[in-house]
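Here are two short exercises on how helices and strands fit together. Have the structure open and try each task before reading its solution.

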Amino acid sequence: MPALEVLNLSRTRIRCLPESISQLVSLKRLFLNDCVLLRSISPAIGRLKQLEVFDLEGTKIKNLPKEIECLINMTCLGFSISGTEPSNDSKTVIPHGVISSLLHLEELNLDVNADAEWWDTCAEGVVSEVCNLKRLSTFKFSFPTMELLRQFNQLRKSMEHPSLAQFRLCVGNHASCIMNRLPLNIEFELERCNRYLRYTNGDDVFTDIKDMLQQLDALFLERHANLKTLSELRINSMEQLKWCVLGECNELEVLIDSSDTMHQEALIESHCKSACLESLEFLYVYYMRNLRNIWKGSVQKGCLSSLKLLTLCKCPELTVIFSCEMLDNLNNLEEVTIEDCPAIKSLISCQNSFCEVLKSSYFLPMLKKLSLHYVPELSSISCGLWIALRLERLSFYNCPSLKSLSTNEVSSEQLKKIRGERSWWKDLEWRGHKPDHLDGIFVPIDTCDVP
């Protein structure tokens, strides 16, 4: 079929390409993604001079054939290198000169095992070649160190290349990770973001990549060694950030401290163009050993005003989620999940006279789903404040100190389901008249339904 222009063999059990592939002289697009039995690519691939798109992501190939450097019309290349210790020398896994020969390349997606020792020696050379690609606008890559990312960023700027329109960058390695604690659905959502940075097992801060931070729409930070607050990462400059996932940063005590010097400096640097985390929509925090507060100090108008989803999981020292000062900004919050946070007594901390003034108003107007699981010290949802008039779903499990509910906390006429232990619901007391319809929407929870 010499006139064939598109060949899609993705997700098949193909093991190799036949030599006759070279006869498809008109082929422009070749898709082999997720062919998990594919181990190698024939050098004959170099004869497909018209090839523009070549997708090898999700395969098990051990090296990239040098003949790919002949495909000078290529605009999109994606490939995965399998294994932690390829059989070939590291210099032949991605042969020198292959990437830099593809001068028309606009999209490059390189998926490797970041823990492999060969990648530590190979990555720097690949980065220097990538910097020669003037047309590159979409880039997926694993940087072994933050320093290499800085070099990449500075080199591209020195060559006056335009900023990347889309990127998915991983920094650091996962060698000390016993298991991945992040739910698959969250990983999936992160992968869909256009400008995503993941930093793992680091002890560095984000200096000299400010222009990249300003473009981020997703940040995943896990196992940072010494971070005390996100202000140290210049998070104020991440004006387009929508997704933030934080995990196992055991020195982190507060996410944002508005009294912190670095926070104030960042506000000055950004000329107060926008409030801190004003664009953030999704915040997922898990396994944070020393986290005590989400926000400390004064709250600027607009901070967290776009937040839709908040999940806090396994934070044993966390005591304050929402301060009274934060409530006015949380008008778009739709879903809150709290799991295994044993020190929390209420979602809202009311420790000053300001909260008394607020009791005539209602808050969290868009909240639709609230899940409270394994929160043994929880004794109140909102300290008597009127909240969540659009609430649709409530879920409780192992909250033995929550012995009563107020009609201010459960006042939504749109409530469709309440889940909890049958014995807890039977003994529950009500402050105010219990709405008649609540027993009809109560569903006894099963232990297998709860994480």
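The exercises below use a predicted model.

**Exercise 1. Describe how helix 3 (residues 117–130) and helix 4 (residues 146–158) pack.**

Solution.

Step 1. Two packed helices are described by the angle between their axes and the distance between the axes. For helix 3 and helix 4, the angle is about 15° and the axes lie 10 Å apart.

Step 2. Angles under 35 degrees count as roughly parallel, and helix 3 and helix 4 are therefore roughly parallel to each other.

Step 3. Next comes the handedness: helix 3 and helix 4 make a right-handed crossing.

Step 4. Now look at the residues that meet. Helix 3 contributes Ala123, Glu124, Val127 and Val130, while helix 4 contributes Leu148, Gln151 and Phe152. By class, the residues of this contact are five nonpolar, one polar and one charged.

**Exercise 2. Is strand 21 (residues 393–397) largely enclosed or not enclosed by the rest of the structure, and which strands pair with strand 21?**

Solution.

Step 1. Buried means under 20% relative accessible area. Four of the five residues of strand 21 are buried, so strand 21 is largely enclosed by the rest of the structure.

Step 2. Take strand 19 (residues 369–373): strand 19 pairs with strand 21 in the parallel sense, over five bridges. In one of these pairings, histidine 373 has tyrosine 397 of strand 21 as its bridge partner.

Step 3. Turn to strand 23 (residues 417–420), which also pairs with strand 21 in the parallel sense, over three bridges. Here serine 395 has arginine 419 of strand 23 as its bridge partner.

Note on methods. Residues are numbered from 1 along each chain as its sequence is written. This is a predicted model: local features need pLDDT of at least 70, side-chain atom pairs count only at pLDDT 80 or more; totals for chains, interfaces and linings use all residues. Side-chain values use heavy atoms; hydrogens and water are left out. Axes are lines fitted to C-alpha atoms, for helices over the stretch in contact, and angles run from 0 to 180 degrees between N-to-C directions. Helices (H or I, at least four residues) and strands (E, at least two) are DSSP runs, numbered from the N terminus. Angles under 35 degrees count as roughly parallel, over 145 as roughly antiparallel, 65 to 115 as roughly perpendicular and the rest as oblique. A crossing is left-handed if the near helix is turned anticlockwise from the far one by less than a right angle, and right-handed if clockwise. Contact means heavy atoms within 4.5 Å. Ala, Val, Leu, Ile, Met, Phe, Trp, Tyr, Cys and Pro count as nonpolar, Asp, Glu, Lys and Arg as charged, and the others, Gly among them, as polar. Buried means under 20% relative accessible area, exposed over 50%, partly exposed in between (1.4 Å probe, protein chains only). Two strands pair if DSSP finds at least two bridges between them.
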